[in-house]
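Grab a pencil and work through these exercises with the structure open beside you. Each task comes with a solution that goes step by step.

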Amino acid sequence: MSEFSAIDHLHMAEALRLAERGRYTTRPNPVVGSVIAQGERVVGRGWHQRVGGPHAEIFALREAGERARGATAYVTLEPCAHHGRTPPCALALIEAGVTRVVAAMRDPFPQVNGGGFDLLRAAGVQVHDGLMSAPARELNLGFLSRIERGRPWLRLKYGMSLDGHTAMADGTSKWITGPAARADVQRWRARAGAILTGAGTVLADDPSLTVRLDEPEAFAPPLRVVLDARLRTLARAKVREGDAPTLYLHGEDVVAPTLADAQFAAVPMRDGRLDLAAVLALLAGRDINEIQVEAGAALGGALMREGLADELLLYQAPILLGDATRPLLAGLGITHMSQALRMTPVDIRQVGADLRLLFRPQG
């Protein structure tokens, strides 16, 4: 028999919905939601709204007031146990008189990682975790990837035709997809901690890699990252315009200039190009949870080939481009059907006239 009731599931589902509201404003912190309830009756709701601000439990406790005494607190991630930018949420729950805490999952962050649960249990609070853990993990794939694997969650984004091509042979790609799909991409950019591209894309397209949303959104602009081993792209200045910061990653034997509108960092070379695993480790060290890659077939293929791509976000337009075109991914080295990279569909939906397809590599 499950230790969780139908009411527990109902309140945790609401906490998960609340957590999603912090999607664009909490990085590098995880998104977290909390509900405080007396049986079926909800007395407090909250979510982590902004990095540096109060956590979800604090907002829920403020709304609940004295009604938190004897209540159950539902939280999508283990309450913190350490003094960071804010005091420990576990202590706040104890002081408010909460008698039961239901958490979706343990927080693997080293300064928490069971410490919040230990504080609660030591104070006599009942603690249950694991309720709806799968959707809770899904909410924080980037944060969990950085903490557990030491690298950000990496997403490859492409627009493509029905026959799987991303551009004509001369590189022309404007516009394969429609306006609704291009607007949808902006929300995926906004949730990323970094938008990454390669030198070839900068030289060919001179992209700005900024977030453009019609409605105002309160979020920190994602870091723009250019992989440019020899720093050949500095004359293309669009990627340095605007408020978003720009980071060039180059080879260790290259002397970087001093620019007011850019940062530089050296990365080891491997097989004549930047070591991609080292790139991701460096960005994890800068507290990047999610990376959105918007680059050509060569860089995307290399990331996929090396097992560093966690998901593939495709916008498929209802057009055919024929065979005088560029492929989706290059350099995969597949010569036999047995070598095919199997993908698992995660989400498929229509966006305007196009299809949005989200896939993850199997295994």
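Two strands count as paired if DSSP finds at least two bridges between them. Helices (H or I, at least four residues) and strands (E, at least two) are DSSP runs, numbered from the N terminus. Residues are numbered from 1 along each chain as its sequence is written. This is a predicted model, where local features need pLDDT of at least 70, side-chain atom pairs count only at pLDDT 80 or more, and totals for chains, interfaces and linings use all residues, while side-chain values use heavy atoms, with hydrogens and water left out.

**Exercise 1: the sheet**

Work out the strand order of the open sheet of nine strands, and name its edge strands.

Step 1. Reading across, the order goes β11-β10-β9-β8-β14-β6-β15-β18-β17, and the pairing is mixed. At the edges sit β11 (263-267) and β17, each pairing on one side only. From one strand to the next, the twist averages 25°; for angles, axes are lines fitted to C-alpha atoms, for helices over the stretch in contact, and angles run from 0 to 180 degrees between N-to-C directions.

Step 2. Now look at β6. It runs parallel to β14, joined by four bridges, and R155 has Q292 as its bridge partner there. With β15, β6 also pairs in the parallel sense, over six bridges, and L156 stands opposite L312.

Step 3. Move on to β15 and β18: these run antiparallel and share five bridges. Here L314 stands opposite L357 in β18.

**Exercise 2: helices on the sheet**

Find which strands α7 lies across, and which of its residues are buried.

Step 1. Helix α7 lies across β6, β8, β14, β15, β17 and β18, at about 160° to β15.

Step 2. Buried means under 20% relative accessible area, exposed over 50%, and partly exposed in between (1.4 Å probe, protein chains only). In α7 (residues 179-191), the buried residues are A181, D184, V185, Q186, W188, R189 and A190. β6 is mostly covered too, with seven of its eight residues buried.

Step 3. For a second helix, try α9 (residues 276-285): among the strands it lies across are β9 (223-227) and β10 (246-251), and it runs at about 135° to β11.

**Exercise 3: a buried arginine**

Is R23 buried or exposed, and what is it in contact with?

Step 1. R23 sits in the loop between α1 (6-20) and β1 (33-38). It counts as buried because its relative accessibility is 11%.

Step 2. Contact means heavy atoms within 4.5 Å. Skip the neighbours within four places in sequence, and R23 is in contact with V31, L139, R191 and E290. A polar atom of its side chain lies 3.1 Å from the backbone oxygen of L139.

**Exercise 4: two cysteines**

Why is there no bond between the sulfurs of C80 and C89?

Step 1. A disulfide is a pair of cysteine sulfur atoms within 2.5 Å. The sulfur of C80 has its closest cysteine sulfur in C89, 3.7 Å away, so that is too far for a bond.

Step 2. By this rule, the disulfide count is zero. Both cysteines are buried: C80 at 7% relative accessibility and C89 at 0%.

**Exercise 5: the cores**

Which residues touch the most other members in the largest nonpolar core?

Step 1. A nonpolar core is a set of buried Ala, Val, Leu, Ile, Met, Phe, Trp, Tyr and Cys residues joined through side-chain atoms within 4.5 Å. The largest has 42 residues, and M12, I36, L61 and V101 touch the most other members. Its largest share, five residues, comes from α1.

Step 2. Apart from that core lies another, of 35 residues, including L156 and F359.

Terms used
A polar contact is a pair of N or O atoms within 3.5 Å; within protein, one must be able to donate a hydrogen and the other to accept it, and residues adjacent in sequence count only if both atoms are side-chain atoms.
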